[in-house]
Amino acid sequence: MSQDIYVVIEHLRGQIADISYVLCAAARQLAAASGGQVVGVLLGHNVQNLAQDVAVDRLLVMDDPRLADFIPDVYQQALAGLIGAQAPRVVLFGDTSIGAELAGGLSVQLGWPLVSYCRSVRTDDGRLMYISQLCGGKVMAEGEIPAPHALVAMVPGGFQAEQGKGTQPPPVETVAPAAPAGGRITLKQYIEPESGDVDISKEAILVSVGRGIQNADNIEMVRELAEAMGGVVSASRPVVDQGWLPTTRLVGKSGKRVKPRLYLALGISGAPEHAEAITDSQTIIAVNTDASAPIFDIARYGTTLDLFELVPVLTEKVRQAKH
Amino acid sequence: MHIVVPVKLVPDLVEELVIDPSGTALDPDTVRLQLNEFDGHAIEQAILLKERGGGHVTVLAPDLEGVDDVLYTAAAKGADRLIKLCDSFGQAVNNHAMARAVAEVIKPLQPDLVLTGVQSHSDLDGSMGPLLAGYLGLPYVGYVAGVTIGAGHATVRKEYPGGLAAELDVVLPAVLGIQAADQPPRYVAFSRIRQAMKTATIEEQTVAMLDTGGGPAVARMYKPEVAARATMLDGKPDEVADKLVALFREMGVL
């Protein structure tokens with residue numbers, strides 16, 4: 001048993017995910033109070049040099065051909081052996097497509113409590129505290145990270161990735177995987193993102209629609225506005241799940257991070273995974289009838305007018321302004 | 001193919017959320033519950049698989065306000081069996097407790113596939129899927145958008161950030177966390193739900209004592225403090241449109 005804070009470094013196809021740096025930043029704060037070290041854990045194959053810039057005191061690398069790709073059950077077994085044996089104070093995961101299922105599975109397997117949706121951490125008189133965002137960011141919950149051991153799955157927003165980058169490569173220790181079990185899940189192939197459509201991460205003007213658009217027919221109205229402005233239409237998750245726009249237009253967790261000069265959010269509530277993906281926009285303007293929608297917390301300008309009343313008028317005025 | 005879909009009821013975020021006087025939980029009297037959106041996709045995916053390859057769909061839900069509507073709606077869509085889990089489900093029930101209780105109900109049903117919504121907005125102690133898979137001793141894949149059934153396995157499309165996806169084979173029985181069904185959840189007319197109310201039956205099963213071990217205690221719950229809120233543009237649509245056009249000009253995008 002130790003007071004170390006472990007960070008499961010997330011990576012996909014040779015790229016360290018930004019969330020990994022966020023975890024390192026949080027771990028640094030926790031380790032200062034727990035008196036332990038920040039220890040990175042990297043699973044993969046031929047990954048010895050992958051994590052040169054993570055801010056950890058030491059890096060445990062489990063390198064094995066069977067860990068070349070993320071296979072949930074194989075990764076879980078490999079981590080269970082390591083974490084169970086080392087028994088650190090806290091293990092941090094990204095609350096992502098990779099980390100969330102590892103953390104959940106390990107919570108049951110190891111019998112360690114799990115804290116999810118953790119946005120930030122702090123220490124209070126030596127106690128390690130979590131701050132989680134619930135209800136789409138409308139409510140925060142705070143409490144002690146359970147002792148003696150706990151797993152914590154973190155969402156972005158509380159720490160900058162830059163805070164978790166180190167200036168020199170961490171010392172590496174190689175760990176032999178304890179014969180990663182699994183075999184019930186196998187990777188068949190990767191499916192590349194659809195191409196041929198516009199790349200919304202490179203557009204200067206995005207007119208983005210959310211659940212407030214109500215149905216597929218209403219997209220046309222928004223497309224007209226986008227066209228008048230010389231921009232393109234993007235969307236939040238519900239619109240893509242309904243099949244009203246293709247996944248290439250998705251802004252957020254499984255979609256893209258965007259950084260336009262103008263992000264015009266129409267009928268988008270601003271759930272954390274969406275909000276996080278648009279923070280690099282130069283100016284966010286939000287239209288939403290719900291005055292308490294979290295989107296207004298990150299937008300520079302906003303209006304609670306009904307988008308169906310505003311958009312046609314705005315399209316016309318934009319067209320006139322261009323003449 | 002027997003597919004079981006355990007669903008969660010969660011606060012409707014359109015309603016104003018009120019923190020109770022203890023300051024550690026939402027005030028249950030002010031919360032309006034609704035089906036977790038991703039669980040709606042899980043139900044849809046189950047029905048689609050049944051329609052394509054035959055099978056039997058069982059939907060489980062905790063006995064909370066609005067549960068009957070949720071279950072009858074599932075029946076109207078094509079679910080075959082409805083089970084209500086009875087206990088005094090309060091705010092103290094976390095996902096670890098629910099997953100343990102649901103696992104006990106699911107085990108004797110011997111499903112080939114368990115579908116859950118990949119997450120809900122109130123999962124403070126992790127989402128249901130991986131916890132449930134852990135207690136059932138089954139493999140789990142989450143963030144799934146697309147499922148096909150083969151001989152003894154399911155082929156699933158798992159989503160990663162940036163639009164990348166992976167095709168994985170999972171040996172059955174298994175638990176999947178559904179991000180999106182192959183098709184958006186279908187709409188059912190109220191008349192069909194009313195018909196389901198007459199013909200379908202809801203079985204009640206009492207679950208064992210709920211143990212909340214595995215989740216963190218909440219010391220304080222609060223609304224986030226906002227650093228800076230948007231400058232609101234007031235007026236009629238044409239007035240606001242004028243203000244927006246002026247802003248677009250200022251920003252140099254027009």
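This passage looks at how chains A and B meet in a predicted model, and at the sheet they share. Local features were kept only at pLDDT of at least 70 and side-chain atom pairs only at pLDDT 80 or more, while totals for chains, interfaces and linings use all residues. Residues are numbered from 1 along each chain as its sequence is written, and chains are lettered from A and ligands numbered from 1 in the order in which they are written.

The contact draws on 75 residues from chain A and 67 residues from chain B, with two residues in contact if their C-beta atoms, placed from the backbone, lie within 7 Å. On the chain A side, helix α3 (residues 99–110) gives the largest share, 8 residues; helices (H or I, at least four residues) and strands (E, at least two) are DSSP runs, numbered from the N terminus.

Strands also pair between the chains, pairing being called when DSSP finds at least two bridges. Strand β17 (residues 301–303) of chain A runs parallel to strand β13 (residues 231–232) of chain B over 2 bridges, and A:G302 has B:M232 as its bridge partner.

Then there is an open sheet of 10 strands with mixed pairing, ordered β11(A)-β5(A)-β4(A)-β1(A)-β6(A)-β10(A)-β7(A)-β8(A)-β9(A)-β12(B). Its edge strands are β11 (172–174) of chain A and β12 (220–222) of chain B. Within the sheet, β6 (residues 90–94) and β10 (residues 150–154) of chain A pair in the parallel sense over 5 bridges, with A:V91 opposite A:L151 as bridge partners. Helix α3 of chain A lies across β1, β6, β7 (114–124) and β10 of chain A, at about 160° to β10(A); axes are lines fitted to C-alpha atoms, for helices over the stretch in contact, and angles run from 0 to 180 degrees between N-to-C directions.
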